[in-house]
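Welcome! Let us take a short walk through this structure together, one part after another.

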Amino acid sequence: MAYKIAIIVGSLREGSINRRVARSICGLRNDNLDCSMIEIGDLPLYNQDLDSNPPEQWRRFRDQVAEADGVLFCSPEYNRGIPGVLKNAIDVGSRPYGQSVFDKKPAAIVTASPGGIGGFGANHQIRQAGVFLNMPMMQQPEAYLGHVTDDSFDEDGKLKEGPLKDLVTVLAHAFHDWVDMIQRSRRLLAEDSAHAAQAREHA
């Protein structure tokens, strides 16, 4: 089955290398991953005073994430940390308290950068937030993609053949398998619980 994946990119730039990496990941597994790019640039800053009457942009974002089977974060690193626009999107999706749309969603984090450390700082800040949000986060392979530039892509925005594409291909397959394992495990546990309840009723 094809799993619905919400892609959240921490860069608003249309030509963002992280946006293109995200598209490449889903393009490599388009038979099993039904991906949607969830836009976050129009989200008003999170303000608890608006929880009782949230802006339409908040409701749209929350609905799109809630409908997904998994979440893929792709982000650059700004000043050794998570971009503000992405942090705001995480805050919007996690509120009101107790109603987080991220809860229990299997996820993965990919950070790409022209620099050598591949967005290491942002990657771990996103991961820290994901742990608190109760998101089963793919641990391996880690995805700090360094030395990614416009030259890494062809005219169609796809990754050129080479070590980077090989690594992203591994990531794409691992992410599909991670979402599949989490979702199948939950279905099996639900079936076991239902069978156990039926057995108790007939005992």
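Helices and strands are here runs of the DSSP assignment, numbered from the N terminus, with at least four residues for a helix and at least two for a strand. With that naming, proline 141 falls in the loop between helix 4 and strand 5. One more thing to know at the start is that this is a predicted model.

**The sheet**

Let us begin with the strands. What is the order of the strands in the open sheet? The five strands run 2-1-3-4-5, and their pairing is parallel. The edges are taken by strand 2 (33-37) and strand 5; each has a single partner strand, so one side of each has no neighbour in the sheet. In general, the strands of a sheet pair through backbone hydrogen bonds, either parallel or antiparallel.

At one of these places, strand 4 and strand 5 pair in the parallel sense over two bridges. Tyrosine 144, in strand 5, has threonine 111 standing opposite.

Serine 75 belongs to strand 3 (residues 70-75). Is serine 75 buried or exposed? Its relative accessible area is 0%, so serine 75 counts as buried, the limit being under 20%. Beyond its neighbours within four places in sequence, serine 75 is in contact with Gly10, Asn18, Pro83, Leu86, Val110, Thr111, Ala112 and Ile126. Thr111, the residue opposite tyrosine 144, is thus also among the contacts of serine 75.

**Helix 1**

Now to helix 1 (residues 17-28), which has 12 residues. From its first C-alpha to its last, helix 1 reaches 16 Å, close to the 16 Å expected at 1.5 Å a residue. Serine 16 caps the N-terminal end of this helix, with a side-chain oxygen 3.1 Å from the backbone nitrogen of asparagine 18.

How many of the 12 residues of helix 1 are buried? Nine are, so the helix is largely enclosed by the rest of the structure. They are Ile17, Asn18, Arg19, Arg20, Val21, Ala22, Ser24, Ile25 and Cys26. Asn18 has turned up before, as one of the residues in contact with serine 75.

Arginine 20 is worth a look too. Its charged end sits over the ring of phenylalanine 153, 4.5 Å from the ring centre.

**Aromatic rings**

A search of the whole structure finds four aromatic pairs. One of them joins phenylalanine 61 and phenylalanine 102 in an edge-to-face arrangement, with 6.5 Å from centre to centre and 65 degrees between the planes. Phenylalanine 61 lies in helix 2 (residues 56-66), while phenylalanine 102 is in the loop between helix 3 (84-94) and strand 4 (107-112), so the pair ties together parts that are 41 residues apart in sequence. Phenylalanine 61 counts as buried, at 0% relative accessibility. Phenylalanine 102 is buried as well, at 0%. Phe61 and Phe102 also form one aromatic cluster with Phe73.

Another pair is made by phenylalanine 120 and tyrosine 144: this one is tilted, with 5.0 Å from centre to centre and 50 degrees between the planes. It links distant parts of the chain, since phenylalanine 120 is in helix 4 (residues 120-132) and tyrosine 144 in strand 5 (residues 144-145), 24 residues apart. Phenylalanine 120 is partly exposed, at 42% relative accessibility. Tyrosine 144 is partly exposed too, with a relative accessible area of 22%.

**Backbone in the loops**

Most residues other than glycine have a negative phi, and most peptide bonds are trans. The table gathers some places that depart from this pattern.

| Residue or bond | Backbone value | Loop |
|---|---|---|
| Arginine 95 to proline 96 | cis, omega near -5 degrees | proline 96: between helix 3 and strand 4 |
| Glutamine 140 to proline 141 | cis, omega about -5 degrees | proline 141: between helix 4 and strand 5 |
| Asparagine 79 | phi near 55 degrees | between strand 3 and helix 3 |
| Arginine 80 | phi about 65 degrees | between strand 3 and helix 3 |

Are asparagine 79 and arginine 80 buried or exposed? Asparagine 79 counts as exposed, at 81% relative accessibility. Arginine 80 is exposed too, at 61%.

How values were computed
Residues numbered from 1 in each chain as written. Predicted model: local features only at pLDDT ≥ 70, side-chain atom pairs only at ≥ 80, totals over all residues. Heavy atoms only, no water. Phe/Tyr/Trp six-rings, centres within 6.5 Å; stacked < 30°, edge-to-face > 60°. Buried < 20%, exposed > 50% of the residue type's maximum accessible area, 1.4 Å probe, protein only. Lys NZ or Arg CZ within 6 Å of the ring centre and 35° of its normal. Expected span 1.5 Å × (residues − 1). Polar contact = N/O pair within 3.5 Å; in protein donor to acceptor, adjacent residues only side chain to side chain. Pairing = 2+ DSSP bridges. Contact = heavy atoms within 4.5 Å.
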